[in-house]
Amino acid sequence: MLTKILIANRGEIAIRIMRACRELGIKTIAVYSEADHNAQHVQFADEAVLLGGAAPKESYLNVEALLRAARDSQADAIHPGYGFLSENASFAAAVESANLTFIGPSADSIRAMGDKAESKILMKKAGVPTVPGYEGLETYEEFLKAANEIGYPVLVKAAAGGGGKGMRVVNAESELKEAIELARSEARNAFGDERLLIEKYLAEAHHIEIQVFGDKHGNLVHLFERECSVQRRHQKIIEESPSPLLTPELRAKMGEAAVNAAKTVGYYNAGTVEFIFDPKTQQYYFLEMNTRLQVEHPVTELVTGLDLVHWQIRIAAGQKFPFSQSDLHQHGHAIECRVYAEDPTTGFLPSTGKLLQFIQPQGPGIRVDSGFAAGDEVTHFYDPLLAKLIVHAGNREDAIQRMQNALNDFIVHGVVTNMDYMHAVLETDDFKQGKVTTRWVETKFGEWSIPQPELNALIAAALADVVFIGGKAQPAVSNETDPFNPWKQTGNYRN
């Protein structure tokens, strides 16, 4: 077993990995930027190393600084988490060249499958159905010709990376040039690679992904599917398993296709094969493979009973994955909501500021993965994900209800969040019936606004904190040390 792991990431995923390491008796090393010097993941680790400035390229994307930190702290492995360098083949190779263990797939697998363009070419050769499109384009004229042949709408997206970054939907030729420029710029900033590909955009499709897991001894299985169709800006916000759309036969067929796709490149460790699924035709198409741990991996953990991070570490250390496909089953239903500091009423613009209150829900079947606490600052430097709220129940209906209750109990003050928005999504008939497609948010839920409480409810809430003494209103409870107390005295005035 490995003895000391450097986590080349930040936030909730860094803490998630650190928890697994603690349970396995492994020491952890956090890395951080100047903007993250007080971050929770820094405090949670056994050791912490400053990488550089707040900009990702000066810190979390700085390969030399990461390797230096690993050497200086005598780590024997690096876990990349997700995002940043997690799908960078050169980084994985550099880690191995430094005589460190990279906790993930081989650099060759990342290079083959982590590159969206190359992976599509491989899948076409392997006979896996793919979305119609073109790779290896450079000039605007080449993109224009390809778009006209495919037919609008088309999707322009980054050939490297993932997470919805570097993607633009193009509905007409007049939008194409700007979309290419924006996608290229975003891809360059996020992944250091500005290559793009273009493919047909399937407007009424579902996004279904299959978790695969393999060891270095040739064992490779799938851990079933996750439905990820609730998306904004091409990024998932609600995921669940099992998918309400799949029959047992279709689930087995897609799982087998995912395993075959991974075997094509000799894949091991955790990975996810993503498909676009057309419910009308029951056809599915290979979209891409994420050669890393997914943000939504807790959904799979709750329905399979497996700790994926534990097994990532064990497999990286050379252990065998002891389960065959027939040993694995889905139990109950799990849903994950990504709690972001963002305002859904302004196009999901990020919200920054200090977290005045951050009270997580608790109870049976409720899990929260977070990298924040009250008093922490949400900055503009990084992704505004505050927490992942995950619930598990015996069936989908109960899981939806449990998630709604958990969202109600999650208290965040100081920044705007998307929790009311996600609660409203869960309330819709479309979601309850499993009819939400990848474009549903923008086409059918785009005009959502925060419901305004009724006047009587506001009056009742105000009076709940007031008692009348001698005909005068007084606070029912006075606590001068409570910073959130609206009755707190300041000089001759009340805040």
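Here are some worked exercises on the predicted model shown above.

Before starting, note that residues are numbered from 1 along each chain as its sequence is written. In this predicted model, local features need pLDDT of at least 70 and side-chain atom pairs count only at pLDDT 80 or more, while totals for chains, interfaces and linings use all residues; side-chain values use heavy atoms, with hydrogens and water left out.

**Exercise 1. The whole chain**

Work out how the radius of gyration of the chain relates to the globule rule.

Solution. Begin with the inventory: the chain has 16 helices and 27 strands. Here helices (H or I, at least four residues) and strands (E, at least two) are DSSP runs, numbered from the N terminus. The radius of gyration is 24 Å, close to the 23 Å that the globule rule gives for 495 residues, so the chain is as compact as a globular protein of that length. The radius is taken over C-alpha atoms, and the rule is 2.2 Å times the number of residues to the power 0.38. Along the principal axes, the C-alpha atoms fill a box of roughly 85 × 55 × 45 Å.

Next comes burial: buried residues make up 54% of the 495. Buried means under 20% relative accessible area, exposed means over 50%, and partly exposed lies in between (1.4 Å probe, protein chains only). Finally, take the contacts between residues at least 6 apart in sequence: 64% of them join residues at least 24 apart, where contact means heavy atoms within 4.5 Å.

**Exercise 2. Two helices against the ruler**

Check the end-to-end spans of helix α9 and helix α1.

Solution. The expected span of a helix is 1.5 Å times one less than its number of residues. Helix α9 (residues 248–263) has 16 residues and should span 22 Å; its end C-alpha atoms are 22 Å apart, which agrees. Helix α1 (residues 11–23) has 13 residues and should span 18 Å; its end C-alpha atoms are 19 Å apart, which also agrees.

Now look at the cover. Ten of the 13 residues of α1 are buried, including Gly-11, Ile-13, Ile-17 and Cys-21. Just after α1, Gly-25 takes a positive phi of about 75°. In α9, the buried residues include Leu-250, Arg-251, Met-254 and Val-259. Their cover includes helices α5 (107–113) and α6 (116–126), along with strands β10 (206–214), β11 (220–232), β13 (269–278) and β14 (283–290).

**Exercise 3. Three residues, three settings**

Classify Ala-252, Thr-101 and Lys-27 by accessibility, then find their partners.

Solution. Ala-252 is found in helix α9 and is partly exposed, with a relative accessible area of 42%. Ala-252 and Phe-224 are 28 residues apart in sequence, yet their C-alpha atoms are 8.3 Å apart in space.

Thr-101 sits in strand β5 (residues 101–102). At 18% relative accessibility, Thr-101 counts as buried. Leaving aside neighbours within four places in sequence, its contacts include Leu-2, Asp-76, Ile-78, Val-95 and Ala-316.

Lys-27 has its place in strand β2 (residues 27–33) and is partly exposed at 49%. With neighbours within four places left out, Lys-27 is in contact with Thr-3, Lys-4, Ile-5 and Asp-46. For Lys-27 and Thr-3, 24 residues apart in sequence, the C-alpha atoms are 6.2 Å apart.

**Exercise 4. Unusual backbone angles**

Find where the cis bonds before Pro-153 and Pro-242 lie, and describe the positive phi values of Asn-269 and Phe-348.

Solution. Keep the background in mind: most residues other than glycine have a negative phi, and most peptide bonds are trans.

First, the cis bonds. The peptide bond from Tyr-152 to Pro-153 is cis, with omega near 0°; Pro-153 is in the loop between α7 (140–150) and β7 (154–158). A cis bond also joins Ser-241 and Pro-242, with omega about 0°, and Pro-242 lies in the loop between β12 (235–241) and α9.

Second, the positive phi values. Asn-269 has phi near 75°; this residue is found in strand β13 and is buried, with a relative accessible area of 0%. Phe-348 has a phi of about 65°. Its place is in the loop between β16 (342–343) and β17 (349–350), and Phe-348 is buried at 10%.
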